[in-house]
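Ready for a few exercises at the screen? Work through each task with the structure open, then compare your steps with the solution.

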Amino acid sequence: MTTTRKTPLATDETGANGQVEGAQPSNSQLETAPETIHHLLDVDALSRAQIETLLDSSEGMLEVLGRDLKKTPALRGKTIITLFFENSTRTRISFEEAGKILGADVINVSVSASSVSKGESLYNTSLTLQAMQVDALVVRHPHSGAPHFVARHVKAPVVNAGDGLHAHPTQALLDLFTLKQRIGALDGKKIAVIGDVLYSRVARSDILGLAKLGADVHVSGPPTLMPSGWQPGAAPVEPGMESVTIAKRIEEALDGADAVMTLRIQRERQDAGHLPDLREYSNLYGINKARLALAKPGAPLMHPGPMNEGVEISSEVAHGDQSVVEEQVRNGVAVRMAVLYAVCAAGKEQE
């Protein structure tokens, strides 16, 4: 069973220097965070209860983001390092902001300016950072499994910020949080996931998370951009996805959907030539006003970003009333605050 603790989010009391001083939390800010999460490497390692607890905790974190003074002492004295081997804007800045709002010291390691550029291995880099007694490592890497490798060799909690084609758990959590805000509990809700599943680490984590929360997930995309074994009309051959349906046609996936999640075409990963032409993809699978109208009225439209407007999504709907893309970005900070608090609290208990 997952045990919980109350999150010590401070009230708005400030000292003379304008910084929030550790005071008593208000009742509305007493959100829970699971103590049993040490590393966050993928959604498949989380139970439904843990996912729901993180989402509940994110509600309190979102309240903090709405204040004039966005600062709490929850992780004061903690040191968090972000180690990104891939370029990133949204994810890196989101983690940095999340850590700083919680009062932690956040150090961003630039791989191009580190010993990695001189040939140091990931193993030795991990040991070096461990020796600095950091409280959490946030790792993004182009190779699948790299954060798992780091987690096996350090005591500090490791958060996967995206690894190769494998997983992006915090993106999945923020997507689940956004859906929960918009359409409520996901049990029995039809969620359409459209696009490049083969190369999308977001897709795998999102689909696993949606399935764990009881959603009726329908996936559609070009056959050449589906993983091996994902056959139309059947469920994916992967543990945890038995309730997921691969639609034969995009219209089947979109019909009556409670929400639509479109995936970015991974142009940088298209060396194998799975797509003959981006215009053809847009014609067959791009989400435009007509296709979005197949979903339920007002169904939220999601995209993990950055968007290739005119390819997987039209500008009209990307910036339309049903788009929740900006909400996803805002919610990403709140969710990553909840994650950092959870893993740092768990890491402290294991000392």
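**Exercise 1. Place helix H6 on its sheet.**
Find the strands that H6 lies across, then describe the sheet they belong to.

*Solution.*
Step 1. Start with H6, which lies across strand S7 (190-194), S8 and strand S10 (259-262). Against S8, the helix runs at about 155°. Keep in mind that this is a predicted model.
Step 2. Now lay out the strands: the order S9-S8-S7-S10-S11 gives an open sheet of five, with parallel pairing.
Step 3. Look at the two ends. Strand S9 (245-246) and strand S11 (301-302) are the edge strands, each pairing on one side only.
Step 4. Zoom in on one edge. Strand S8 (residues 216-220) and S9 run parallel and are joined by two bridges. His218 has Thr245 in S9 as its bridge partner.

**Exercise 2. Work out the four-stranded sheet.**
In which order do the four strands of the other open sheet stand, and why is one side of S4 and of S6 left without a neighbour in the sheet?

*Solution.*
Step 1. The order is S4-S3-S5-S6, and the pairing is parallel.
Step 2. Strand S4 (105-110) and strand S6 (158-163) are at the edges; each has a single partner strand, so one of its sides has no neighbour in the sheet. From one strand to the next, the twist averages 15°.
Step 3. Follow one pair in detail: strand S3 (residues 79-84) pairs with S4 in the parallel sense over six bridges. Here Thr79 stands opposite Asp105 in S4.
Step 4. Add a helix. Helix H4 (residues 146-153) lies across strand S5 (136-141) and S6, and its angle to S6 is about 160°.

**Exercise 3. Describe the largest pocket.**
Which residues are the closest to the centre of the largest pocket, and which elements give two or more residues to its lining?

*Solution.*
Step 1. Take the volume to begin with: the largest pocket holds about 560 Å³ of space.
Step 2. Its lining has 30 residues, and those closest to the centre are Thr91, Arg140, Pro304, Gly305 and Pro306.
Step 3. Helix H2 (90-101), helix H5 (169-183), helix H6 (201-212) and helix H11 (325-349) each give two or more residues to the lining. H11 has the largest share, with six residues.
Step 4. Sort the lining by class: there are 13 polar, nine charged and eight nonpolar residues.
Step 5. Check the domains. Domain 2 (36-168 + 332-349) and domain 3 (169-328) each supply at least three residues of the lining.

**Exercise 4. Inspect two backbone details.**
Is the peptide bond between Gly305 and Pro306 cis or trans, and what is the sign of phi at Gln133?

*Solution.*
Step 1. The bond joining Gly305 and Pro306 is cis, with omega about -10°. Pro306 sits in the loop between S11 and helix H10 (315-318).
Step 2. Gln133 has a positive phi, near 60°, although the residue is not glycine. To find Gln133, go to the loop between helix H3 (122-131) and S5.

Technical notes
Residues numbered from 1 in each chain as written. Predicted model: local features only at pLDDT ≥ 70, side-chain atom pairs only at ≥ 80, totals over all residues. Heavy atoms only, no water. Pairing = 2+ DSSP bridges. Axes fitted to C-alpha atoms, helices over the stretch in contact; angles between N-to-C directions. Contact = heavy atoms within 4.5 Å. 1 Å grid on protein atoms, 1.4 Å probe; cavity = no way out; pocket = protein on both sides within 12 Å on 5 of 7 lines; lining within 4 Å. Points joined across faces, edges and corners; volume = space filled by probe spheres on them. Nonpolar A, V, L, I, M, F, W, Y, C, P; charged D, E, K, R; others polar. Domains from an automatic or database assignment.
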